[in-house]
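Student: Pick one part of this model and take me through it closely. Then link it up with whatever else you can, in one go.

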Number of protein chains: 2
Amino acid sequence: MISAMTDEPTRRPAKPAGRKRDQDVTDAILEAAADLLLEVGFDRIRTQDVAERAGAGKGAIYRRWPTKEALLAEAIRTMPAGEAPVTDDPVTDLRALVSQRCQSAEAKPDLVPGLISAMRADEGIEQAVKEGYDLSYVRDTIARIIGPDHPHLDVLTDLTQAVPLMRAAFTPEELDGEAMTEEIVSLIASVAD
Amino acid sequence: MISAMTDEPTRRPAKPAGRKRDQDVTDAILEAAADLLLEVGFDRIRTQDVAERAGAGKGAIYRRWPTKEALLAEAIRTMPAGEAPVTDDPVTDLRALVSQRCQSAEAKPDLVPGLISAMRADEGIEQAVKEGYDLSYVRDTIARIIGPDHPHLDVLTDLTQAVPLMRAAFTPEELDGEAMTEEIVSLIASVAD
DNA sequence: TCGTTCCGGAACTGCCGGGTTCCGTCACTA
DNA sequence: TAGTGACGGAACCCGGCAGTTCCGGAACGA
């Protein structure tokens, strides 16, 4: 008897008794967290605010994630990446990609700086952020313009993200997403010559 | 009598009695704050740690600055900017400037991300950081290479700071200050053609 | 129907860290 | 030499917030 009781818990394939987790609640919490991430930035999010915006209790949060950081890491992962447009003209594709980034930096300047700051403190956040920041498609698009072996491919790829981020942080008042997009695309196109 | 007593405090030109503020203590506190800013970043600094490293008490800090943020703002301002080298060859000057930035990003990756995050929360910090981030000399140097009216002058100026910052944040393990410097300088030089 | 687990909400615990106060001592002025 | 303020150091106060617990109620399985 005793051995049977102590063996059982090791494999627990099917014993869910009681009310089930409500997926709608899970989704609402993740969405609320993602919204607040965009609105107030990482370092000003409080679990109480996430719960209230989701119409949930803090208990519902901590029943699903062990810590605030774990919740936010998953929220970051669920945040949709931009569309990856494909046309015949790589410059058109690049303009769309850069424009996405510039508009985002203009509209939500608090997001990325907070994430960068947070990823230094929490490993899970770091991993989640890095997953979301895949520049390989940008790189491929630029490669189609300037050639895959061009010596400046790496710098040009990185600056499409770095310059909007930097300007949003230091000169947010004179930020013009449209003009910045043209500046960057024009530079890359000119390198191709 | 009463009016005389109440008038006096309005102008207090010379009535310092008692022990004087020790400038060495002031300097030690600012230096300790700047050191910790470089070592642990803005958001992990505690006033207690600043006091201990300076060999001072917290009282000495709050006798001089009203808040932690005020202290750190002044500490940021006292942090020395890089040298501005001037030779006959603008490319040499640019290489020195970019190298400074790249080495800094490599050695102290926690500084700038923390500052960017902090300047969104505190006005004094924002002002102090912006004062320290004057890119006009970089811009002038690049202008000597590509011409003062070149349409890509602004982007190129900004990327000298933005790319090192970005790479330090996202790919710190594969950061090579020397190589990054050459990448950036080479790109700018190639635009001049 | 009964026991279990969920739900939202509110109250509660515990810790961390900014800022203050107090102490015995030291430096300076009158 | 008396009074005042700075000094380092330690104790202290207190507000904020992560995480927990408890409540009455609702949704499940047996």
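**The surface near DNA strand C**

Tutor: Sorted by class, the surface near DNA strand C is made of 6 nonpolar, 9 polar and 10 charged residues. Here Ala, Val, Leu, Ile, Met, Phe, Trp, Tyr, Cys and Pro count as nonpolar, Asp, Glu, Lys and Arg as charged, and the others, Gly among them, as polar. Before going on, bear in mind that this is a predicted model: local features need pLDDT of at least 70, side-chain atom pairs count only at pLDDT 80 or more, and totals for chains, interfaces and linings use all residues. As for labels, residues are numbered from 1 along each chain as its sequence is written, while chains are lettered from A and ligands numbered from 1 in the order in which they are written.

Back to the strand. DNA strand C has 25 residues around it, and A:Gly18, A:Arg19, A:Ala56, A:Gly57 and A:Ala60 are the closest; a residue is near a strand if its C-beta atom, placed from the backbone, lies within 6 Å of it. Two or more residues each come from α4 of chain A and from α3 (47-54) and α4 of chain B. Helices are DSSP runs (H or I, at least four residues), numbered from the N terminus.

Now turn to DNA strand D. Of its 25 surrounding residues, B:Gly18, B:Arg19, B:Ala56, B:Gly57 and B:Ala60 come nearest. At least two residues each are supplied there by α3 (47-54) and α4 (58-62) of chain A and by α4 (58-62) of chain B. The class split is 6 nonpolar, 9 polar and 10 charged.

How do the two chains relate? A turn of 180° with a shift of 0.0 Å along the axis lays chain A on chain B at an RMSD of 0.0 Å, with the copies superposed by least squares on C-alpha atoms of residues with pLDDT of at least 70 in both. That's the relation of a two-fold axis. In chain A, the residue closest to that rotation axis is A:Ala162, its C-alpha 2.5 Å away.

Between the chains, 29 residues of chain A are in contact with 29 of chain B (contact means C-beta atoms, placed from the backbone, within 7 Å). On chain A's side, α7 (111-119), α10 (153-170) and α11 give two or more residues each, and α10(A) gives the most, with 12. That side holds 14 nonpolar, 7 polar and 8 charged residues.

Methods:
Contact = placed C-beta atoms within 7 Å.
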